[in-house]
Amino acid sequence: MRAQQQVHRRCRAITVWSRQQQQHRACFSATCALSSLQARRRLPEVAWRGAGGSFETLGISRRGLCIATDTSAQMAGAAPLGLGNDMLRHIAEHSQQPFSKYSLEDLLRLQEFSPEERVLHLDSVLHVGISKIVLLLQDLPLGFTAQSPIREVIQDYVQDLRDLRKNPPEDPARFQECILAIFARHRGMLGQIARGLREFQQEISESFLPVADLKMTRLADLSATVPAVQKIERALDEFFTIRTTLRLLIAHCLQLNPEDPNTSEIGHAMHELMQRIPNSNRSDGAEMPQVRQVGAICLDTRPSLILIEAYRHAQFMCRRRFDKDPPELMVNGMPAHEFLAAGFDTHVDNHFPYVDIHLYFVFFEVLKNALLTSMRKTGPDGECKPIHASLISGTSLNAENERTVKITDHGEGISREEMRKVWSYFHSTTKTKDPREQESAGFSTSGGRGLGLAVSRVLVRYFGGEIDLHSIPRKGTDVYIYL
């Protein structure tokens, strides 16, 4: 009898969600229709939350859209209502314009533009990209948009548009100050998305209680079968791709003006992902070679050097967490410090242009997971087998082919069932469930919340690469990164 009651409750909940999704689609269609003059005559004026004034939702439940009307302005008979409608029209119009990723060649060609042309180009791309992000995050099912951290993300992007419209590129000083503020505003975006995912998972689990002996509803288990969850996953892929484009273009355009003192700020911000360990914790005093830089692109990218630096960061964090020495890193069969001492400047032909900050993020996430699983497997007193990184050449094992990197650990491995979930934004690779414990251990908010590997795949694919993973339970995992 109790099981039947639980089934009825779940069915009622699904019915309510279905009705809410109908409201969702109706309100979203009305919002897009505001871009036409005819729609203005027959539809109420609607404004995105944060577009101006104080807002109340349109009577949609807490799982509904983050769309609102400025009811306080209507009651007071004030004029700010038109500002919200104008912002909506701006978003609707710009979101329909074409938008694409930038290749390395596209970015390098921007140095041929004059500073004025680059500023105009940057302004145009930002309006289109941010508008697409706002609509993308608004149009997500199952109440994902209603989570407070996700609403805050949307509000931040709407604020970006308001700032851009107030500071046009015709005033270069104000425009650059605006761009720097936008770049800084979104530094904690990964943490906001991670909190939104966590709250969304908790709400789903509480809404769909398990029947009898069934397991708790986990979104990572549903990402391959439930269309609504698949839509959220695809939308997050697209969101991080657009976000990567915008942040990369901002950093690249501003760093192409080396005489500008503000470029040092943006250069520092570009290293937000490279949470470098203190120099006192480095195992050797080897100096990194000077590299040629064009904007945000390193022309002399050497993955072996970035790999070793990312390992040192991951090693430092894991040592703090487990209070024991992490596994050693072997590069092409040599300990990392010996590989560096052997001379990494001998194969100049293998230097190639790349955004090294992207590579650092990917290597750090993969190495962090490799160290964690290896140390969990051996326990507090066991000795871990080394982590092996292979940069294999087509002709010789001693000459690097740094376009392909293989990272191997001998940790716990991943089951076939879990393998289907590792790229889901809702999947966690850590045993720690309390995010405060992760932060106290020194881990970024993306770690353990499903964002690390998922975002790594977006970054690798951005320039046409790929990342693949093969694992055997209790034996270990191989990660292949193709650049």
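This passage describes the nonpolar core, a mixed sheet and the helices packed on that sheet.

The model is predicted: local features need pLDDT of at least 70, side-chain atom pairs count only at pLDDT 80 or more, and totals for chains, interfaces and linings use all residues. Residues are numbered from 1 along each chain as its sequence is written, and side-chain values use heavy atoms, with hydrogens and water left out.

The largest nonpolar core holds 115 residues. Such a core is a set of buried Ala, Val, Leu, Ile, Met, Phe, Trp, Tyr and Cys residues joined through side-chain atoms within 4.5 Å. Buried means under 20% relative accessible area, exposed over 50%, and partly exposed in between (1.4 Å probe, protein chains only). Ile193, Phe239, Ile407 and Ile481 have the most contacts inside this core. Helix α11 (residues 227-255) gives the most to it, with 15 residues. Helices (H or I, at least four residues) and strands (E, at least two) are DSSP runs, numbered from the N terminus. Leaving aside residues up to four places away in sequence, Ile193 touches Ile150, Val153, Leu236, Phe239, Phe240 and Leu451. Contact here means heavy atoms within 4.5 Å.

An open sheet is built from 6 strands in the order β7-β6-β9-β10-β12-β11, with mixed pairing. Two strands pair if DSSP finds at least two bridges between them. The edge strands, β7 (334-335) and β11 (466-472), each pair on one side only. Strands β9 and β10 run antiparallel and are joined by 3 bridges. Strands β10 (residues 404-409) and β12 (residues 476-482) are also antiparallel, over 6 bridges. Lys406 of β10 is the bridge partner of Ser390. The partner of Lys406 in β12 is Tyr480. Thr408 stands opposite Asp478 in β12.

Two helices lie across parts of this sheet. Helix α13 (residues 303-322) crosses β6 (329-331), β9 (387-390) and β10, at about 175° to β6. Helix α18 (residues 451-462) crosses β11 and β12, at about 135° to β11. Axes are lines fitted to C-alpha atoms, for helices over the stretch in contact, and angles run from 0 to 180 degrees between N-to-C directions.

Helix α18 is mostly covered, with 11 of its 12 residues buried. Among them are Leu451, Arg457 and Tyr462. The cover includes α9 (189-207), α11, β8 (352-354), α15 (356-378), β11 and β12. The end C-alpha atoms of α18 are 16 Å apart, in agreement with the 16 Å expected for 12 residues at 1.5 Å a residue. The expected span is 1.5 Å times one less than the number of residues. Gly464 follows α18, with a positive phi near 90°.
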